[in-house]
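Me: Please take a close look at one helix-to-helix packing in this structure, and then at the salt bridges. I would welcome a connected account.

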Amino acid sequence: MQLGVIGLGRMGRIVVDRTLDAGHDIVAYDVAEGAVKSAAEAGAEPADSVADLAETLGDEKRIWLMVPAGEPVDAALEDLEPFLDGDDVVVDGGNSYFEDSVRRAETTSAAYLDCGTSGGPAGAELGFSLMVGGPQWAYDELTPVFDAVATSPDGHDRMGKAGSGHYVKMVHNGVEYALMQTYGEGFELLHEGRYDLDLEAVARTWNNGAVIRSWLLELCEEAFREEGTDLGDVADHVAGGSTGTWTVQEALEQEVPVPLIYQALGERFDSRAENRFSRRLANRLRYGFGRHEVKRE
């Protein structure tokens, strides 16, 4: 099938490359001309504007937005709106707030799929985990693309009506916060405790058969291997926080206790003023799974 992709950053480029590799056709656009040129060299058809992309796609448009959450999504939809109708499908693969996705689904002429995307840059090789909300027919229509972009057909599913995909991704991120905090605290105790331990060795041993093995623990091993047991000059500063804040706000509205997620969010905000080993590890882990910049002393 033919897919238009708007937004060719790290994640958007992975969508392009994996979809091309699966034999589909891509029309690609980004505000950065260099990104468009690079996608064209990989086999995509370049577009010099949103309008050009829409016109190239023809009557039944299938479009994937991979732009930053918030105003950039609304701006892209505004540019697309004159070219859309009810036979078209637009996927928002960014980290949008689920209530924004509900609003966009109601106001966009095309069928709107909110697609929570997890896996980070490692998805270039492994594929993503995709949590999709929106009309069933639109999800079915995009299934060949989801199969290409996800780890496998089991790596994506329709969560429910509009907003549900980004809702599930929001809670996913809250869980991620708590897991990072838990690993950080455990390794901080080992680092400050009774024994002179090689934390890379600890992480490697735990990850081979232990109950707490995981990809995040693999990234702990990577962090200690590359930075040293004391994490070198990795700063006690953990960026981000928006999706965790949304998770806690929703938990308060639904009266569901989430003390671990709440405390992990608080620790993240507190990291802007304190100096904790656990948060230094969380800082480095964000590089591991998302290639986010590592703040250093």
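Reply: In this predicted model, helix 8 (residues 164-192) packs against helix 13 (residues 277-290) at an angle of about 130°, and their axes lie 8 Å apart. Helix 8 is therefore oblique to helix 13, since an angle has to be over 145 degrees to count as roughly antiparallel. The crossing of helix 8 past helix 13 is right-handed.

On the side of helix 8, the residues in contact are Glu 176, Met 180, Gln 181, Tyr 183, Gly 184, Glu 185, Phe 187, Glu 188 and His 191. Helix 13 meets them with Phe 277, Ser 278, Leu 281, Ala 282, Leu 285, Arg 286 and Phe 289. Sorted by class, this contact of helix 8 with helix 13 comprises eight nonpolar, four polar and four charged residues.

Glu 188, one of the helix 8 residues in that contact, also belongs to a network of salt bridges. Through shared partners, such bridges join Glu 188 with Asp 236, Glu 267, Asp 270, Arg 276 and Arg 279. The count of salt bridges in the model comes to 19.

Three individual pairs may be described in turn. The first to consider is that of Asp 233 and Arg 296, whose closest N and O atoms are 2.7 Å apart. This salt bridge links distant parts of the chain, the two residues being 63 residues apart. Asp 233 lies in the loop between helix 10 (215-227) and helix 11 (242-254), whereas Arg 296 lies in the segment after helix 13. Asp 233 has a relative accessibility of 36% and so counts as partly exposed; Arg 296, with a relative accessible area of 37%, is partly exposed as well.

A second pair is found within one helix. Arg 204 and Glu 200 both belong to helix 9 (residues 199-206), where they are four residues apart, about one turn of the helix. Their closest N and O atoms are 3.9 Å apart in a salt bridge, for which the cut-off is 4 Å. Arg 204 is partly exposed, at a relative accessible area of 37%. Glu 200 has 19% relative accessibility and therefore counts as buried, because that class takes in values under 20%.

The remaining pair is Glu 60 and Arg 62, whose side chains form a salt bridge with an N to O distance of 3.6 Å. Arg 62 has 5% relative accessibility, and so this charged partner counts as buried.

Conventions:
Residues are numbered from 1 along each chain as its sequence is written. This is a predicted model: local features need pLDDT of at least 70, side-chain atom pairs count only at pLDDT 80 or more; totals for chains, interfaces and linings use all residues. Side-chain values use heavy atoms; hydrogens and water are left out. Axes are lines fitted to C-alpha atoms, for helices over the stretch in contact, and angles run from 0 to 180 degrees between N-to-C directions. Angles under 35 degrees count as roughly parallel, over 145 as roughly antiparallel, 65 to 115 as roughly perpendicular and the rest as oblique. A crossing is left-handed if the near helix is turned anticlockwise from the far one by less than a right angle, and right-handed if clockwise. Contact means heavy atoms within 4.5 Å. Buried means under 20% relative accessible area, exposed over 50%, partly exposed in between (1.4 Å probe, protein chains only).
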